[in-house]
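This report covers how the interior of the protein is packed and where empty space is left. The structure comes first, followed by the cores, a helix, and the open and closed spaces.

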Amino acid sequence: MDLNDLTRRLGNGTPRIAFGADYNPEQWSREVWKHDVELMREAGVNLVSVGIFSWALLEPEEGRYEFGWLDEVMDLLHANGIAVDLANASASPPPWFTVKYPDSAPVDENGVRQTHGSRQAFAACSPDYRRAAAALTTAIAERYSQHPALAMWHIHNEYGCHNQPDFGPHAERGFREWLRARYGTIDALNEAWGTAFWSQHYYDWSEIMPPRRSGTWVNPSQQLDFARFSSDSLLECFEAEADIIRAHSDKPVTTNFMGTNMGLARPVDYWRWAPRMDIVSNDHYLIAEDPRNHQDLALVADLTRGWAQTKPWLLMEHSTSAVNWQPRNIAKSPGQMLRNSFQHLARGADGILFFQWRASRAGAEKFHSGMVPHAGRDTKVWREVVELGAALEKASEVAGSRVVADAALLFDTDARWAAELDSHPSMEAQPVRELREWHDALFRAGITTDVRQSTDDLSAYPLVVAPMLYLVTDDGAANLRRYVEGGGTLVLTYFSGIVDEHDRIIMDPLNGGGYPGAFRELLGIEIEEFFPLHAAETVPLTEGSGERWSELGRTTTAEAVSRYEAGPTAGSPAVTRNAAGRGHAYYVGTTPDAEALAGLLPRVLADAGIEPPRHAAEHPDLEVVTRASEEGSWVFAINHGTEDARLPVDGVELVSGSATEGELRVPAGGVAVVRVAG
Ligand code: GAL
């Protein structure tokens, strides 16, 4: 069972976009529950996630379960035609659990143990936690797998949000086991970690620790492996719980990924997790004060679609208005929530859900918005919720269709983790920022991008941009070479292809040759030394300027598109282009400023045979994305600007039901989706 089955179930046979929220009825009285379901019907809510933080109420003491209230909630929702995404409630062990099993709580890098009182206070490798979570999951699966309200399963909640990484004794044991399985022998580990450096050689597995606080930088290869291990240890928790569910139920299983909450999902490698999901689901929250937060949203949606292998996915959480955890929790302006929702829909979401249904009265999130605000029905938020519910219903036919992407951006978790480690040439070399800026450059040009990994099949994309692919495996490097030789246009940016999977420099100690070891030949260049720039320094290029970074090097077979014009790297190539097989590989050795980018991008797009759409120049704030299936194609237009926009497209606009007659008018701040004629 997958997302198509879910959307069909929600529409009684015809696909319907999922619409709803996390629902936490345990915070409210039965009287409020009755009101809730009436309001849900009014808004067209068809799916709610229940029980995510209910462990303490469902299991008052170990092995004794109280399901009465949840039975009532499930029955009430079913009676009102609302389907349930039921949680297995393992996300937050109750206080009695940590009191009974104190060593099950996570420990930070300084050796400080956390306690209960917030949420997620468990160590992923704690046997007591795993046993208790499995028992609870079994009890819930046995009780509800046949319940008619049940539509899907929500395992845990945002794995790794608060308890990762854990440096405690369970992690120590788990890490050693994980390393043994990876390396087999201690010699292989010593080789991979480069332990000849600083007298770090290990003679026995028992000497190896998680990278706890040490005098200065802990071995980077060790840190990288610990990040991989930590993600894998949580994945083991997911799999154990999902296996129990799947033994009892054929309904689809997911866990909600956290696209932005932790700076683009740092603790977990979702590329490894996503294949284990029946439905890929993600949470996204706007960074309220970021003036281009809609572009960040677009990037995260594109990344989520990448995790889903370009298939549709589910937006499990976003907010109707303000959150509670940013420095200034700016409320959404009128229309902004609708635009956000349509952006996700346009970029492949087949469901738009919120955290949460009703804004809490008590607790740390009482100032977080909900679908039902504290002020109730006569509010901007509620009116927009109802408007969104109606709009999504009218757009239902897009469910199941795929986003039409023009290009791909690469974002490998290992490369990101490794590039973010300490003691690097410049703190300015930040992979997530580079990704975001290249995504923005393409977004502004009206180019829709998928986000993929270096090892994915890229042959369908005319253009692939790899921002700061610092770490690359042999397979990844070979794949990119194949891609270019097969006719693709590749753009690699500075600090790419520098280290292998163990974070060791890719180099030839006997013959030299310079950076980037993994791509020297493909790019036709040799870099001998990095020259990171001073803070706020720029370096003039043949065209425009470079920021943050520059390099001393030479071309071998590449042509120099532009050079550094001053400073210690004057005369060195800054941007190069190399022909390889039937394609071209560009290298961008600095962060191009707007002028440099304006010169470079058209050239790259021309090589790739991509013609930027006209609307991008005419209406820079109009976001246009196409979804398509065998049944047809749909053009989404989201106007982030303050002026009305016009787009040539012939068909029927689904929300208003009116024909465009060749030209769609999208009012300032408005959204539209057109079923393209023919
Ligand atoms: C998410 C979490 C929700 C809620 C929300 C608030 O990270 O999954 O439970 O806390 O943030 O924005």
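## Nonpolar cores

The largest nonpolar core has 127 residues. The members that touch the most others in it are Leu-77, Leu-86, Trp-273, Phe-342, Trp-357 and Leu-463. Helix α6, residues 127-144, makes the greatest contribution to this core, at eight residues. A second core, separate from that one, consists of 40 residues, among them Leu-224, Tyr-483, Val-484 and Leu-492. The model is a predicted one.

## Surroundings of Leu-463

What does Leu-463 touch, leaving aside residues up to four places away in sequence? Its contacts include Asp-406, Ala-407 and Ala-408, together with Leu-442. Tyr-483, Thr-489 and Val-491 also touch Leu-463, and Tyr-483 is itself a member of the second core. The remaining contacts of Leu-463 are Val-604, Leu-605, Ala-608 and Ile-610.

## Helix α1

Helix α1 spans residues 3-10, and its buried residues are Leu-3, Leu-6, Thr-7 and Leu-10. Why do they lie on the same side of α1? They cover an arc of only 90° around the axis, so they share one side of the helix.

Several strands take part in covering these buried residues of α1. They include β1 (18-23), β2 (47-50), β3 (83-87), β4 (150-154), β8 (313-317) and β9 (349-354).

## Largest pocket

The volume of the largest pocket is about 970 Å³. Its lining is made up of 35 residues, and those closest to the centre of the pocket are Phe-53, Ser-118, Arg-119, Ala-364 and Glu-365. By class, the pocket lining holds 15 nonpolar, 14 polar and six charged residues.

## Closed cavities

How many cavities of 30 Å³ or more does the structure hold? There are five. The largest of the cavities has a volume of about 160 Å³.

Seventeen residues line the largest cavity, and Phe-443, Arg-444, Gly-446, Leu-622 and Glu-623 lie nearest its centre. Three elements each supply at least two residues of this lining: α15 (431-444), α19 (614-618) and β23 (622-629). Of the elements, β23 gives the most, with three residues. The lining of the largest cavity divides into six nonpolar, six polar and five charged residues.

Notes
Residues are numbered from 1 along each chain as its sequence is written. This is a predicted model: local features need pLDDT of at least 70, side-chain atom pairs count only at pLDDT 80 or more; totals for chains, interfaces and linings use all residues. Side-chain values use heavy atoms; hydrogens and water are left out. On a 1 Å grid over the protein atoms alone, a cavity is a set of points where a 1.4 Å probe fits but cannot get out, and a pocket is an open set with protein on both sides within 12 Å along at least five of seven lines; lining residues have an atom within 4 Å of a point. Grid points are joined across faces, edges and corners, and a volume is the space filled by probe spheres set on the points. Helices (H or I, at least four residues) and strands (E, at least two) are DSSP runs, numbered from the N terminus. Ala, Val, Leu, Ile, Met, Phe, Trp, Tyr, Cys and Pro count as nonpolar, Asp, Glu, Lys and Arg as charged, and the others, Gly among them, as polar. A nonpolar core is a set of buried Ala, Val, Leu, Ile, Met, Phe, Trp, Tyr and Cys residues joined through side-chain atoms within 4.5 Å. Buried means under 20% relative accessible area, exposed over 50%, partly exposed in between (1.4 Å probe, protein chains only). Contact means heavy atoms within 4.5 Å. The arc is that of the directions from the helix axis to the C-beta atoms.
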